[in-house]
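Welcome! Please take a moment to look over the sequence and the 3D structure, and then walk through the notes that follow.

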Amino acid sequence: MDIDIDAIGEDLPLLEGIRTTRAIRRLKPDPVPKALIRKVCEAGTFAPSGGNRQPWQFVAVTEPARRAWVAERYRKAFADYIAPALEAAKAPDFPESGRRMQRAALHLAEHLHEAPVHLFVAGWTRHGQPQLQALMPAVQNVLLACRAVGLGASLTTVHRAFGEEIDAWLGLPENCPTQRSSSVVGSG
Ligand SMILES: Cc1cc2nc3c(=O)[nH]c(=O)nc-3n(C[C@H](O)[C@H](O)[C@H](O)COP(=O)(O)O)c2cc1C
C-alpha cells in the first residue's frame with residue numbers, strides 16, 4: 001500500500017465520519033501498514049479518561065498463525081452466542097435487517113483469521129478494578145480513525161469468553177486485562 005500516512009484521514013468532517021462509521025465485517029485480507037495501525041491507535045489515546053489516567057494499552061496481532069489462534073476461540077464463543085438469535089430469526093416476522101446483521105456477523109466469525117489486524121485494547125486496573133469506562137471511548141476513537149483513513153473495522157467482544165487465556169497469551173500482566181474490548185481491523 002503506497003500511501004501518505006501523515007496526510008491520510010486528516011480531512012474527514014467529524015460529524016459525517018461519526019454518521020458513517022459502521023461495523024464493517026467483510027474485510028479484505030490485505031496487510032495494513034504498521035504506521036497506519038499506529039496512527040489509529042494514536043487517535044485512541046486522545047479519548048477522555050477518568051483523572052486523565054489513560055489506562056489503555058494497544059496490542060495489534062498480525063501474524064497469521066496468531067490470528068488463527070484468536071479466530072478459533074472467537075468462532076467457538078460466537079457459535080454459542082448466536083445460536084438463540086439464529087433460532088429467533090426463523091420466525092417469519094423477524095426483521096430482515098436483523099438477518100442481514102446475523103449474516104455479516106457469521107461472515108466475520110468464519111473469516112476472522114483473514115482480517116489482517118486483530119487489535120486488542122487492554123487497560124491497567126485501578127484499585128484492582130478494570131477501567132472499562134476509559135477503554136470504550138478509546139475504542140470508539142480507533143473505530144472513527146479507521147473510518148477516516150479508509151480502514152474497515154468492527155468492535156468485537158465475543159472472544160472475551162476466553163478472556164484470561166487470551167490475555168495470558170497476549171503477554172498481558174494480570175493487572176492489565178483486555179476487559180472485553182477489541183477491534184478487528186482490515187481494509188474495508
Ligand atoms: C460492547 C460491544 C460488543 C460487541 N461485540 C461484538 C462481537 O463480538 N461481534 C460482532 O459481530 N459484533 C459485536 N458488536 C456489535 C457491532 O460491533 C456493532 O456495534 C453493531 O452491529 C452495530 O453496527 P452498525 O454500527 O453498523 O450499526 C458489539 C458492540 C458493542 C457495543
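How do the residues of the shell around the ligand divide into nonpolar, polar and charged? They come to six nonpolar, three polar and one charged. Please keep in mind that this is a predicted model.

**The ligand and its surroundings**

- The residues around the ligand are Arg22, Ala23, Met101, Ala105, Leu108, Ser154, Leu155, Thr156, Thr157 and Val158.
- Two elements each give two or more residues to this shell: helix 4 (96-111) and strand 3 (151-156).

**The chain as a whole**

- You can find six helices and four strands in the chain.
- Starting at the N terminus, the order of these elements is α-α-β-α-α-β-α-β-α-β.
- The radius of gyration is 17 Å, which agrees with the value near 16 Å that a compact globule of 188 residues would have.
- Along the principal axes, the C-alpha atoms fit a box of roughly 50 × 40 × 30 Å.
- Of the 188 residues in the chain, 31% are buried.
- Take the contacts between residues at least 6 apart in sequence: 82% of them join residues at least 24 apart.

**Strand 2 and its partner**

- Strand 2 (117-123) is mostly covered, as seven of its seven residues are buried.
- In a regular strand, side chains alternate between the two faces of the sheet.
- On one side of strand 2, the buried residues are Val117, Leu119, Val121 and Gly123.
- On the other side of strand 2, His118, Phe120 and Ala122 are buried too, so both faces are covered.
- Strand 1 (residues 56-61) pairs with strand 2 in the antiparallel sense, over six bridges.
- As a place to look for this pairing, find Val61, which stands opposite His118 in strand 2.

**The largest nonpolar core**

- In soluble globular proteins, nonpolar side chains tend to be buried together.
- The largest nonpolar core here has 38 residues, and the ones that touch the most other members are Val40, Leu112, Val121, Val142, Cys146 and Val185.
- Elements that give two or more residues to this core include helix 2 (34-44), helix 3 (64-88), helix 5 (132-149) and strand 4 (182-187).
- Helix 5 gives the most to this core, with ten residues.
- Leaving aside residues up to four places away in sequence, Cys146 touches Val40, Leu151, Ala153 and Val185.

**Two arginines in one loop**

- Arg25 is found in the loop between helix 1 and helix 2, and Arg26 has its place in the loop between helix 1 (14-20) and helix 2 as well.
- Is Arg25 buried or exposed? Arg25 is buried, because 23 other C-beta atoms lie within 10 Å and the cut-off for buried is 20 or more.
- Arg26 has 14 C-beta neighbours inside 10 Å, so Arg26 counts as partly exposed.
- Not counting residues up to four places away in sequence, Arg25 touches Ala104, Ala105, His107, Leu108 and Ser154.
- With the same kind of sequence neighbours left out, that is, residues up to four places away, Arg26 touches Ala104 and His107.
- The C-alpha atoms of Arg26 and His107 are separated by 6.9 Å, although these residues are 81 residues apart along the chain.
- Arg25 and Arg103 are 78 residues apart along the chain, and their C-alpha atoms are separated by 9.6 Å.

**Residues with a positive phi**

- Most residues other than glycine have a negative phi.
- Gln54 has a positive phi near 50° and is not a glycine.
- You will find Gln54 in the loop between helix 2 and strand 1, where Gln54 counts as partly exposed because it has 18 C-beta neighbours inside 10 Å.
- His127 is not a glycine either, and its phi is positive at about 50°.
- His127 lies in the loop between strand 2 and helix 5, and His127 is exposed because just 5 other C-beta atoms lie within 10 Å.

**One more loop residue**

- Glu114 sits in the loop between helix 4 and strand 2.
- Glu114 has 15 other C-beta atoms within 10 Å, so Glu114 is partly exposed.
- Glu114 and Asp80 are 34 residues apart along the chain, and 21 Å separates their C-alpha atoms.

Conventions: Residues are numbered from 1 along each chain as its sequence is written. This is a predicted model: local features need pLDDT of at least 70, side-chain atom pairs count only at pLDDT 80 or more; totals for chains, interfaces and linings use all residues. A residue is near a molecule or strand if its C-beta atom, placed from the backbone, lies within 6 Å of it. Ala, Val, Leu, Ile, Met, Phe, Trp, Tyr, Cys and Pro count as nonpolar, Asp, Glu, Lys and Arg as charged, and the others, Gly among them, as polar. The radius of gyration is taken over C-alpha atoms; the globule rule is 2.2 Å times the number of residues to the power 0.38. A residue is buried if 20 or more other C-beta atoms lie within 10 Å of its own, exposed if 12 or fewer, and partly exposed in between; C-beta atoms are placed from the backbone. Two residues are in contact if their C-beta atoms, placed from the backbone, lie within 7 Å. Two strands pair if DSSP finds at least two bridges between them. A nonpolar core is a set of buried Ala, Val, Leu, Ile, Met, Phe, Trp, Tyr and Cys residues joined through C-beta atoms within 7 Å.
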